[in-house]
Amino acid sequence: IHWFMCLYGTYLNGYICWYIVYVQQDLFSKRFVNRMTGVEYQPSYRLVFQWMMSHHQIVTSLVFIGVIMGTVLFMFWAYHFFFLAMQNSTTNENHKYSQLKGFMNWRFKRI
């Protein structure tokens, strides 16, 4: 089941990001300084996200890609398992029957 493996990998990458943010770097207790102006900023989710994307881009991107792809794969699996398998039908049969139904509705409107 690919969706489970994808979401499990996302969980692991998310845990790595959590470890970097809260344990290794402790980013929410630090101040962020703009190097051009010298202004200090309080840490926010936006600033921490920008810091993670600039320093750990691969892991942070894998979390977002994993969430999106895991959700898409889960919905694809759920459609086939809960909808098509319960009807004892294939994707091809379902598509052909929906085209036939649309044609019949169009045909009866014209008569």
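Here a biologist and a modeller talk through a predicted model and the terms used for it.

Modeller: Ground rules: this is a predicted model, where local features need pLDDT of at least 70, side-chain atom pairs count only at pLDDT 80 or more, and totals for chains, interfaces and linings use all residues. Residues are numbered from 1 along each chain as its sequence is written, and side-chain values use heavy atoms, with hydrogens and water left out.

Biologist: Fine. Why is Thr-10 called buried?

Modeller: Buried means under 20% relative accessible area, exposed is over 50%, and partly exposed is in between (1.4 Å probe, protein chains only). Thr-10 comes out at 9%, so it counts as buried. It sits in helix α1; helices here are DSSP runs of H or I with at least four residues, strands are E runs of at least two, and both are numbered from the N terminus.

Biologist: What does Thr-10 touch?

Modeller: Val-63, Gly-66 and Val-67, not counting residues up to four places away in sequence. Contact means heavy atoms within 4.5 Å.

Biologist: And what makes Asn-13 buried?

Modeller: Its relative accessible area is 17%, and the cut-off is under 20%, so the label fits. Asn-13 lies in helix α1 too, and beyond its neighbours within four places in sequence it contacts Val-59, Leu-62 and Val-63.

Biologist: Which residues of α3 are buried?

Modeller: Thr-60, Val-63, Gly-66, Gly-70, Ala-78 and Leu-84. The buried residues of α3 pack against α1, α2 (45-55) and α4 (91-110).

Biologist: How do you know that the span of α3 is close to the expected one?

Modeller: The expected span is 1.5 Å times one less than the number of residues. Helix α3 (residues 57-84) has 28 residues, and its first C-alpha to its last spans 39 Å, against 40 Å expected.

Biologist: On to the rings. How many aromatic pairs are there?

Modeller: The structure holds 16. Trp-3 and Trp-77 form one of them, with 5.5 Å centre to centre and 40° between the planes.

Biologist: Why is that pair called tilted?

Modeller: Rings of Phe, Tyr and Trp (its six-membered ring) pair if their centres lie within 6.5 Å; planes under 30 degrees apart are stacked, over 60 edge-to-face, and the rest tilted. At 40°, the Trp-3 and Trp-77 planes fall in that last class, so the pair is tilted. Trp-3 lies in helix α1 and Trp-77 in helix α3, so the pair ties together parts that are 74 residues apart in sequence. Trp-3 is buried at 18%, while Trp-77 is partly exposed at 28%.

Biologist: What makes the pair of Phe-4 and Tyr-8 stacked?

Modeller: Their ring centres are 6.4 Å apart and the planes are at 10°, so the pair is stacked. Both residues lie in helix α1, 4 residues apart, about one turn of the helix. They also belong to one aromatic cluster with Trp-3, Tyr-11, Phe-74, Trp-77, Phe-81 and Phe-82.

Biologist: Is Tyr-8 buried, partly exposed or exposed?

Modeller: Tyr-8 is partly exposed, at 42% relative accessibility. Tyr-15, also in helix α1, is partly exposed at 46%.

Biologist: Which helix gives the most to the nonpolar patch?

Modeller: Helix α1 (residues 2-24), with 10 residues. The patch covers about 1,400 Å², and Phe-4, Tyr-8 and Tyr-15 are among its residues.

Biologist: Last one: why is Lys-30 called partly exposed?

Modeller: Its relative accessibility is 37%, so it lands between the two cut-offs. Lys-30 is in the loop between α1 and β1 (32-33), where it touches Gln-25 and Pro-43, not counting residues up to four places away in sequence.

Terms used:
Patch = residues over 30% accessible without salt bridge, like charges linked within 9 Å, V, L, I, M, F, W, Y side chains within 5 Å. Areas by Shrake-Rupley, 256 points an atom, 1.4 Å probe, with all protein chains shown as cover. Salt bridge = Lys/Arg side-chain N within 4 Å of Asp/Glu carboxyl O.
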